[in-house]
Amino acid sequence: MQLQVPALQTLALPDGVYGLVGIVVAAVVLAKLSKRQNLDAIPTVGCSTWLGSWWASTKYLTKAEDVIRQGYEKHKGTPFKVANLYRWTVVVSGLQFVEEVRKASDDELSLLEASNDNLKVAYTLGHDVHYNPYTISIIRSQLTRNLATLYPDIRDEVVTAFEETLDLRGNEWKSVPALQTVQQVVGRTSNRIFVGLPLCRDPDWIDLNIQFTLDVVKGGVIIKLFPKFLAPLVARFMTNVPASARRGMKHLGPIIEERRKHLEEYGKDWADKPNDFLSWLMDHPEASKSSIKDLTLRILAVNFAAIHVGVYSFTQALYHLAANPQYMQPLREEVESIVEKDGWSKGALAKMRKVDSFLKESQRMEGIDAVGMTRKVMKEFTFSDGTVLPKGTLVTIASQATYLDNGVYENAEMFDPFRFSNMRDEEGNGAKHSFVSTSPEYLPFGHGRHACPGRFFAANELKSMLAHVVLSYDVKLEDDATRPRSLHVGSSIVAHPTAKVMFRKRAH
């Protein structure tokens with residue numbers, strides 16, 4: 001899944017600095033917009049004048065979804081541009097443009113460089129992580145291949161994490177902060193596969209990885225405010241990323257050193273060798289040259305992706321479930337019948353079409369971003385309609401506006417949890433409507449060769465969590481509460497960070 005910006009917490013600054021920072025930010029924004037690429041031939045949503053585009057960019061910060069949807073409705077199927085705080089972004093929609101973006105080579109339209117532009121990955125996650133991303137091949141191969149073998153560990157951690165985090169007593173309802181609860185479960189379950197027991201249950205390790213997600217985003221925002229030549233100094237002295245790396249090394253350093261001793265003594269196979277992501281990482285030919293810091297940053301980077309995607313996706317699904325208790329029973333009936341026959345396994349999860357559909361529909365209605373498949377133009381690129389994108393332009397797809405288009409999805413603005421399972425039933429197997437399937441009309445995981453390689457792991461984790469919740473608990477919103485509204489930061493759609501959901505043990 002393409003990474004954008006999750007919720008930003010207020011950056012702590014000394015008193016009296018805010019005004020100066022405001023002036024600096026305004027100056028930087030104006031300077032960057034004044035140097036924008038020549039995109040005059042592309043229609044603008046908002047004002048296209050030099051000063052007017054700055055005002056439009058401030059609106060984009062909190063209302064990007066509305067801005068993009070307005071552009072989509074006015075220019076559907078043709079490119080338009082919007083101003084964000086740093087630059088113009090060209091937005092396209094429709095099958096033809098999605099396919100052209102998908103088919104473009106990396107030296108034409110680059111996902112890697114777009115991510116680096118958004119998050120300054122080379123400085124926040126590390127130079128080696130960005131320029132030598134062999135971690136992606138490990139996710140594609142070992143992680144996906146081992147899901148069936150590792151499923152008992154996923155299931156065990158989901159059950160244990162929910163039980164310990166919720167800490168329910170008797171048959172009483174308990175109100176818990178939804179996002180923070182999900183952070184613990186996703187953090188622990190993901191790390192059961194990434195680094196194994198006992199570290200996956202270490203509170204400081206989980207807290208570090210949750211905080212690291214924010215550190216990277218804040219770091220990217222701060223670095224972008226300064227000239228490029230200052231980026232290394234800004235990353236080192238004005239972000240929390242170096243401190244997070246040191247904190248991570250305290251946990252992982254001794255584990256890595258011990259495993260390296262075993263590798264030197266016994267080779268890649270030894271008795272009781274952990275079957276986890278850290279082992280696969282260390283087995284990679286290039287890892288022998290890697291420092292403990294580099295390996296730590298790679299594990300933190302994998303956590304960044306897993307926590308960013310998993311936490312916000314499942315929190316949105318939990319809000320949908322709590323706000324719509326009428327869907328609890330059909331989900332329960334599906335899970336009970338399948339588990340009774342097949343037990344808890346990866347194969348059993350694959351049969352849970354309603355669980356799968358619930359998560360996919362939740363993602364369609366309240367995903368993690370209003371745009372998808374963002375790319376940076378590496379050399380002048382011309383679409384089939386003649387639109388020319390100069391080198392350096394960012395181009396993206398109006399994904400959220402597509403999902404809410406009645407011409408694409410029937411009753412598009414209605415939450416229909418079994419929309420996709422019904423499609424699958426109508427078409428027989430219909431695997432193309434499963435949670436992990438991508439299409440020009442469904443882009444939360446991207447599309448084409450750059451589709452999120454971790455989506456199979458994410459789907460197994462999230463489906464396991466939802467199946468466990470409906471089978472083990474009753475959930476609801478607090479009295480008179482409505483479904484918590486999402487927050488919007490730039491194009492990111494963020495599950496409400498402080499809303500609560502009520503849990504109690506299910507009466508059998």
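**Exercise 1. Strands 2 and 8**

Task: In this predicted model, find in which sense strand 2 and strand 8 pair, and over how many bridges.

Solution.
Step 1. Locate the two strands: strand 2 covers residues 88-92 and strand 8 covers residues 394-397.
Step 2. Strands of a sheet pair through backbone hydrogen bonds, either parallel or antiparallel.
Step 3. Strand 2 and strand 8 pair in the parallel sense, and four bridges connect them.
Step 4. One bridge can be checked by residue: Val91 has Thr396, in strand 8, as its bridge partner.

**Exercise 2. The open sheet and its helices**

Task: State the strand order of the open sheet of five strands, and explain why one side of strand 1 and of strand 3 is left without a neighbour in the sheet.

Solution.
Step 1. The strands of this open sheet are ordered 1-2-8-5-3, and the pairing is mixed.
Step 2. Strand 1 (80-83) and strand 3 (109-110) stand at the edges. Each has a single partner strand, so one side of each lacks a neighbour in the sheet.
Step 3. Add a helix: helix 3 (residues 95-103) packs on the sheet and touches strand 2, strand 3, strand 5 (372-377) and strand 8. The direction of helix 3 makes about 55° with that of strand 5.
Step 4. Add another helix: helix 4 (residues 111-119) lies across strand 3, strand 5 and strand 8, and runs at about 95° to strand 5.

**Exercise 3. The partners of strand 12**

Task: Describe how strand 12 pairs with strand 4 and with strand 9.

Solution.
Step 1. Strand 12 (residues 500-505) pairs with strand 4 (residues 174-177) in the antiparallel sense over four bridges. Here Pro177 stands opposite Lys500 of strand 12.
Step 2. Strand 9 (residues 473-476) also runs antiparallel to strand 12, joined by four bridges. Here Asp474 has Arg504, in strand 12, as its bridge partner.

**Exercise 4. A buried lysine**

Task: Which side chain of opposite charge is nearest to Lys224, and how far away is it?

Solution.
Step 1. Place the residue: Lys224 belongs to helix 10 (residues 203-224).
Step 2. The nearest side chain of opposite charge is that of Asp117, 7.9 Å away.
Step 3. A salt bridge requires the nitrogen and the carboxyl oxygen to be within 4 Å. Lys224 is buried and has no salt bridge.
Step 4. Look for another partner: the side chain of Lys224 reaches the backbone oxygen of Asn118 at 3.1 Å.

**Exercise 5. Salt bridges between helices**

Task: For the salt bridges Arg188 with Glu157, Arg353 with Asp425 and Glu361 with Arg419, give the helices and say whether the residues are buried or exposed.

Solution.
Step 1. The structure holds 30 salt bridges. In one of them, the side chains of Arg188 and Glu157 meet at 3.0 Å, N to O. Arg188 is in helix 9 (residues 178-194) and Glu157 in helix 8 (residues 147-166), 31 residues apart. Arg188 is buried at a relative accessible area of 7%, and Glu157 is buried at 0%.
Step 2. Both residues belong to a network of salt bridges that links Asp153, Asp156, Glu157, Glu164, Arg188, Arg192 and Arg201.
Step 3. Arg353 and Asp425 form a salt bridge whose closest N and O atoms are 3.1 Å apart. Arg353 lies in helix 17 (residues 353-365) and Asp425 in helix 19 (residues 419-426), so the pair ties together parts 72 residues apart in sequence. Arg353 is partly exposed at 22% relative accessibility, whereas Asp425 is exposed at 53%.
Step 4. Glu361 and Arg419 meet in a salt bridge at 3.1 Å, N to O. Glu361 is in helix 17 and Arg419 in helix 19, 58 residues apart. Glu361 and Arg419 are buried.

**Exercise 6. Two buried residues**

Task: Why do Leu466 and His320 count as buried, and which residues do they touch?

Solution.
Step 1. Buried means under 20% relative accessible area. Leu466 counts as buried because its relative accessibility is 2%, and His320 because its value is 4%.
Step 2. Leu466, in helix 20 (residues 455-472), touches Phe314, Leu321, Val355, Phe358 and Leu359, leaving out residues up to four places away in sequence.
Step 3. His320, in helix 14 (residues 292-323), has contacts beyond four places in sequence that include Phe358, Met365, Phe415 and Arg483. The side chain of His320 also makes a polar contact with the side chain of Ser362 at 3.0 Å.

How values were computed. Residues are numbered from 1 along each chain as its sequence is written. This is a predicted model: local features need pLDDT of at least 70, side-chain atom pairs count only at pLDDT 80 or more; totals for chains, interfaces and linings use all residues. Side-chain values use heavy atoms; hydrogens and water are left out. Two strands pair if DSSP finds at least two bridges between them. Contact means heavy atoms within 4.5 Å. Axes are lines fitted to C-alpha atoms, for helices over the stretch in contact, and angles run from 0 to 180 degrees between N-to-C directions. Buried means under 20% relative accessible area, exposed over 50%, partly exposed in between (1.4 Å probe, protein chains only). Lys and Arg count as positive and Asp and Glu as negative; His and the chain ends are not counted. A polar contact is a pair of N or O atoms within 3.5 Å; within protein, one must be able to donate a hydrogen and the other to accept it, and residues adjacent in sequence count only if both atoms are side-chain atoms.
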